[in-house]
2 protein chains.
Amino acid sequence: MDSRTKILEAAARLFARQGFAGVSIQAIAEQVGITKPSLLYHFPSKEQLREQVLVELFSHWATRLPNLLRAVTTGEGQFEALMDELTSFFHEDPDRARLVIREIMDRPDEMRASIASSLGPLVSLVADTMRKGQRSGLLRDDVDPEAYVLNAIGVAMASVVAAPVVGPIVGPDGKGAPSRLDRELRRIAHSSLFSEPARGAPKRRPAGRQRASVER
Amino acid sequence: MDSRTKILEAAARLFARQGFAGVSIQAIAEQVGITKPSLLYHFPSKEQLREQVLVELFSHWATRLPNLLRAVTTGEGQFEALMDELTSFFHEDPDRARLVIREIMDRPDEMRASIASSLGPLVSLVADTMRKGQRSGLLRDDVDPEAYVLNAIGVAMASVVAAPVVGPIVGPDGKGAPSRLDRELRRIAHSSLFSEPARGAPKRRPAGRQRASVER
DNA sequence: CCTACCGATCGGTAGG
DNA sequence: CCTACCGATCGGTAGG
């Protein structure tokens, strides 16, 4: 792997974990195994390194977009597929979420533009598909599609970052399986989106956990 | 207002906006109108200043807890009251959310402890109340109470931070009124929590927006 | 609460 | 890609 790539990866990791201001280019250089001036040969300033890290992140996001779109436009399991794709993107590397969240807080104005352009089209497309689902009666008609999608993305990011800190409060999750927090989040997203099946004819049961039989 | 308080407020604001590492004690001192050594007379180190800022934040939180608990244990509008209290706490000063989120990312281990002890009891209490609601049939029985509450708190914080950046994508919100994102979030929280009213006997209508009459 | 000052580290450059 | 070095700023101290 060439130095440039190694630098970008180390920088992304460190920026995500300690914030841009909390990381010296010296520290990044050390992790890569070169000196500070050598790093500055590849990226002329710390600021430009930051920008390139973000470019890489968004381009990685763009790579995944086709998967997301296929999930939206393909037949039945749209919802599950879309949520899987969304959560796994951040789950397989939580630093992605951390990086975006930090950037949103550190430089909201700059991020407004990049997020609008990178997320806007996706949101519109998913929202249009959702409106079809509303007309067919599959989805609740009180859903606000654009707002729903954006909230879903935001929650996916937030939950990945909060998990290690807040997860233990609901008890340790069985290794492997999704945590209680994740399962509940999925249930919330599901049940607030789909119309209740006509009573007595529940084709599928609610996604999260199976229905306990209760006194009623 | 005494210097100590002024320092704490300036530090909270700056830490929230630029992160702990991104703020020099010199910068804080300037905003207060004193010199750096003067600030260090009140707080012996930057690190101790940070700790005190967090102590203040959590104690402010503790001040609000009685309101929250009253909201939970008082009769009918429990849900709306609790959500109002939760969102207004972060809405009236978004820096609170920013500060907590930064701290979660910067020092997850330390925050695990403080959050468990400050939030744990509240979560248990609300969860117990919710279980009663489940037994009475008011709340869906597939809700995971602890996980639901924690997710609600997380979402309240995340939405406050994300709003200025992600809000414009769904269009400008009418000034004053809650944004589309906020309304949709409330609707999601509501409709994923309450059982559907027996068809044809809807005492109240769904919180968010009114039901449009649709072809079905 | 201030002036004066400390060593260490910051981002970055010169020159090879 | 490195050695050597720059001025500026960092957190913090001495002394009053």
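1. Which polar backbone atom is 2.7 Å from a phosphate oxygen of DNA strand D? That atom belongs to Lys46(B). The model is a predicted one, and this distance is computed from it.

2. Two further backbone contacts to phosphate can be listed. In Thr35(A), a polar backbone atom is placed 3.0 Å from a phosphate oxygen of DNA strand D. For Ile25(B), the separation between a backbone N or O atom and a phosphate oxygen of the strand is 3.2 Å.

3. There are 15 residues around DNA strand D, and those that come nearest are Ser3(A), Thr35(A), Ser38(A), Lys36(B) and Lys46(B). By class, this surface is made up of seven nonpolar, six polar and two charged residues. Helix H3 (36-42) of chain A and helix H3 (36-42) of chain B each contribute at least two residues to it; H3(A) gives the most, with four.

4. On the DNA side, sugar or phosphate accounts for 54% of the atoms of strand D within 4 Å of the protein, and bases for the rest.

5. Chains A and B also contact each other, with 55 residues from chain A and 55 residues from chain B. About 5200 Å² is buried between the two chains, 59% of it on carbon and sulfur atoms.

6. Eight salt bridges are found across this interface. One of the pairs to check is Asp142(B) with Arg187(A), a salt bridge whose closest N and O atoms are 3.5 Å apart. Polar contacts across the interface come to 16 residue pairs, both residues at pLDDT 80 or more.

7. On the side of chain B that touches chain A, H8(B) gives the most, with 11 residues. The residues of that side divide into 29 nonpolar, six polar and 20 charged.

How values were computed:
Residues numbered from 1 in each chain as written. Chains lettered and ligands numbered in written order. Predicted model: local features only at pLDDT ≥ 70, side-chain atom pairs only at ≥ 80, totals over all residues. Heavy atoms only, no water. Near = heavy atom within 4 Å. Polar contact = N/O pair within 3.5 Å; in protein donor to acceptor, adjacent residues only side chain to side chain. Nonpolar A, V, L, I, M, F, W, Y, C, P; charged D, E, K, R; others polar. Contact = heavy atoms within 4.5 Å. Buried area = accessible area lost by both parts, 1.4 Å probe. Salt bridge = Lys/Arg side-chain N within 4 Å of Asp/Glu carboxyl O.
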